[in-house]
Amino acid sequence: MNARKTLTTDGRGHLMIGGCDTLEIAKKYGTPLYVYDEEYIRSVMRVFRDTIESHYNGNGKVLYASKAFSCMAMYRIARQEKIGCDAVSGGELYTALKAGFDARDIYVHGNNKTYNEIVEAVEAGVGGIVIDSYREADILNAVAGERSIKQRVLIRINPGIEAHTHAFVQTARTDSKFGFSVSDGTALEYTKHVLNLKNLDLCGYHCHIGSQIFEKQSFVLAAEKMIDFIAEVKGKTGFEATVLNMGGGYGIYYTDDDPKLTENDYAEYLKALIGAVKSKTAEHGLNSPYLLIEPGRTIVGEAGITLYTVGSIKDIQGIRKYVAIDGGMFENPRYALYQSKYTAVKASDVNAECTQKVSIAGKCCESGDLIGVDIPMPEVESGDIIAVLSTGAYHYSMASNYNRNFIPQAILVKDGKSEVIIKKQTYEDLIRNDVIPDSLK
């Protein structure tokens, strides 16, 4: 089990989260069930916020990366902790605004924003829009001009740092759908284009070098390259960026193959990044840019677990043992997408010896519907509750109603109390948008 304070055990060996017995909340709410520890979420937000405050003179802001887990409760927590957010769709922007978020603390991302999403962002008065194509810049310039607005923008840049992470989530390579490359000159040329658009206020640059990265040096090198680029642009155009968004990507614990990090480790990563920005700006004689970071998975990943009830168990002697659960790829597609690894525990006896390796199978009509393979587990029986750890990020947000299964409800736990933050679906929810046309009546 991970080393985070969010998960503990009681005297009976039951898994506890946020002071709640997982067996009791599984009985109360049913399974599958997403469970989030509110205090853990807040504590990580504060680590990042306080590190910028104390080590960068408050000259920056933490933006919660909405894509990790977007719901109104999360935006309320972020707002209360005095951090901003980034939104990558009209839906995320709408949710944040409905939750009472100040639009000026929202930055809008996306490599192919629709026209309507651009209009919605401009009319909401968001703090900035990260632009990623000539077409988008030109559309945004026209939309802002029609409304007599000078829209603040950042340009997404590929600094040329290839992080050690899964190939599917590397986003800063030259061969990427995201951003403009520094190395081939396209970032400089795009900067010149944007500077000539009269309704856009270019403030600076954004980069994101990948996900699930544990090497601080990757972020340090990216920051150094970004400052070098800012200096190059100033020398060639006279424009000096005042905002630098370094994205997110710092990793979390999933299995014992990953480091068991503490909040202090997160602070040290950010201190290293800040140190690189300070030293490089001093080297080039630049002003310190307003620094933005976008932790998402880091904030909610380990804060969340998913509870399941074991169903059928199929032991194919000499080949594989399948433990089927009442969830699957419809509420956690990450194994199917990335072969992501997880830790699972028996909620009624966390300390039980793992005597076998099993494949945890879902209930979908797909042979690839697995949560993971070769997962160490103790002996389990039908009806047991198992908890899959570190499922707070990219689970609910990537869930679907495949096979017309319900997307699980989500609860927030704190101090031994639980509250629903995403309601349980019903069959009526599944058919809500279905229409029988006249020709079929």
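**Strand S4, the cores and a cavity**

Visitor: In the model above, which residue of S14 does Val35 stand opposite?

Guide: This is a predicted model, where local features need pLDDT of at least 70, side-chain atom pairs count only at pLDDT 80 or more, and totals for chains, interfaces and linings use all residues. Residues are numbered from 1 along each chain as its sequence is written, and side-chain values use heavy atoms, without hydrogens and water. Strands (E, at least two residues) and helices (H or I, at least four) are DSSP runs, numbered from the N terminus. Opposite Val35, in S14, stands Ile305.

Visitor: In which sense do S4 and S14 pair, and over how many bridges?

Guide: Two strands pair if DSSP finds at least two bridges between them. S4 covers residues 33-37 and S14 residues 304-316. Their pairing is antiparallel, over four bridges.

Visitor: Which residue in S20 is the bridge partner of Tyr34?

Guide: S20 (residues 409-414) pairs with S4 in the parallel sense, over five bridges. Tyr34's bridge partner there is Ala410.

Visitor: Are the residues of S4 that point either way buried or exposed?

Guide: In a regular strand the side chains alternate between the two faces of the sheet. Leu33, Val35 and Asp37 point one way from S4, Tyr34 and Tyr36 the other way. Buried means under 20% relative accessible area, exposed over 50%, partly exposed in between (1.4 Å probe, protein chains only). By that rule, all of these residues are buried.

Visitor: Which residues touch the most other members of the largest nonpolar core?

Guide: A nonpolar core is a set of buried Ala, Val, Leu, Ile, Met, Phe, Trp, Tyr and Cys residues joined through side-chain atoms within 4.5 Å. The largest holds 109 residues, and its largest share, 10 residues, comes from helix H8 (residues 216-237). The members touching the most others are Ile41, Tyr205 and Val300.

Visitor: With which residues is Val300 in contact, leaving aside neighbours within four places in sequence?

Guide: Contact means heavy atoms within 4.5 Å. Val300 is then in contact with Tyr36, Ile41, Tyr64, Ala68, Phe69, Met74, Gly392 and Ala393.

Visitor: Which helix gives the most to the lining of the largest cavity?

Guide: A cavity is a set of points on a 1 Å grid over the protein atoms alone where a 1.4 Å probe fits but cannot get out; lining residues have an atom within 4 Å of a point. Helix H4 (90-98) and helix H5 (115-124) each supply at least two lining residues. With three residues, the one giving the most is H5.
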